[in-house]
Amino acid sequence: MSQRFSRFLHPFDIARHPGLEPEVKRAILASWASDRSAVKDQPAMRKPPGARRAVPVDDIFAAMRTLDERPDHASLQ
């Protein structure tokens, strides 16, 4: 899955992409966050196969959290 989306430079590019369903965004970000994408000797960095550069895992988790921030979420409480 990450090969197809290796054109994204940053996790927020995925989270903000208007053409992707939330489930797809979560799947992509989860694959980026997995230990399989960990950079050797840099446990806080992830570089998915085909990605141009490594990104901090904290940025991936932050992008995932934005998917939970729906505008109508406040009205549900």
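Two strands are treated as paired if DSSP finds at least two bridges between them. Helices (H or I, at least four residues) and strands (E, at least two) are DSSP runs, numbered from the N terminus. The model is predicted: local features need pLDDT of at least 70, side-chain atom pairs count only at pLDDT 80 or more, and totals for chains, interfaces and linings use all residues. Residues are numbered from 1 along each chain as its sequence is written, and side-chain values use heavy atoms, with hydrogens and water left out.

**Overall arrangement of the protein.** Three helices and three strands constitute the secondary structure, and along the sequence they follow the pattern α-α-β-β-β-α. Of the 77 residues, 31% are buried, where buried means under 20% relative accessible area, exposed means over 50%, and partly exposed lies in between (1.4 Å probe, protein chains only). Among contacts (heavy atoms within 4.5 Å) with a separation of 6 or more, 46% join residues 24 or more positions apart.

**The sheet, with strands β1, β2 and β3.** The three strands form an open sheet in the order β1-β2-β3, and their pairing is antiparallel. At the edges stand β1 (38-39) and β3 (55-56), each of which pairs on one side only. Strands of a sheet pair through backbone hydrogen bonds, either parallel or antiparallel. Between β1 and β2, which run antiparallel, there are two bridges. In this view V39 stands opposite Q42 of β2.

**Surroundings of R46 in strand β2.** Strand β2 spans residues 42-46 and includes R46. With a relative accessibility of 6%, R46 counts as buried. A polar atom of the R46 side chain lies 3.0 Å from the backbone oxygen of A33; a polar contact is a pair of N or O atoms within 3.5 Å, in which, within protein, one must be able to donate a hydrogen and the other to accept it, and residues adjacent in sequence count only if both atoms are side-chain atoms. Neighbours within four places in sequence aside, the contacts of R46 include W32, S34, D35, V39, R53, V55 and I60.

**Packing of helix α2 against helix α3.** Helix α2 (residues 22-33) and helix α3 (residues 57-66) pack at an angle of about 160°, their axes 9 Å apart. Axes are lines fitted to C-alpha atoms, for helices over the stretch in contact, and angles run from 0 to 180 degrees between N-to-C directions. That angle makes α2 roughly antiparallel to α3, given that angles under 35 degrees count as roughly parallel, over 145 as roughly antiparallel, 65 to 115 as roughly perpendicular and the rest as oblique. On the α2 side the contact is made by R26, L29, A30, W32 and A33, and on the α3 side by V57, I60, F61, A63 and M64. Buried residues in α3 are V57, I60, A62 and A63, and their cover includes α1, α2, β2 and β3.

**R7 beside R52.** R7 belongs to the segment before α1 (11-15). Although R7 and R52 are 45 residues apart in sequence, their C-alpha atoms are 7.8 Å apart in space. Not counting residues up to four places away in sequence, R7 touches H17 and R52.

**R36 in the loop between α2 and β1.** The relative accessible area of R36 is 81%, and the residue is therefore exposed. R36 is separated from K47 by eleven residues in sequence and by 9.0 Å in space, C-alpha to C-alpha.
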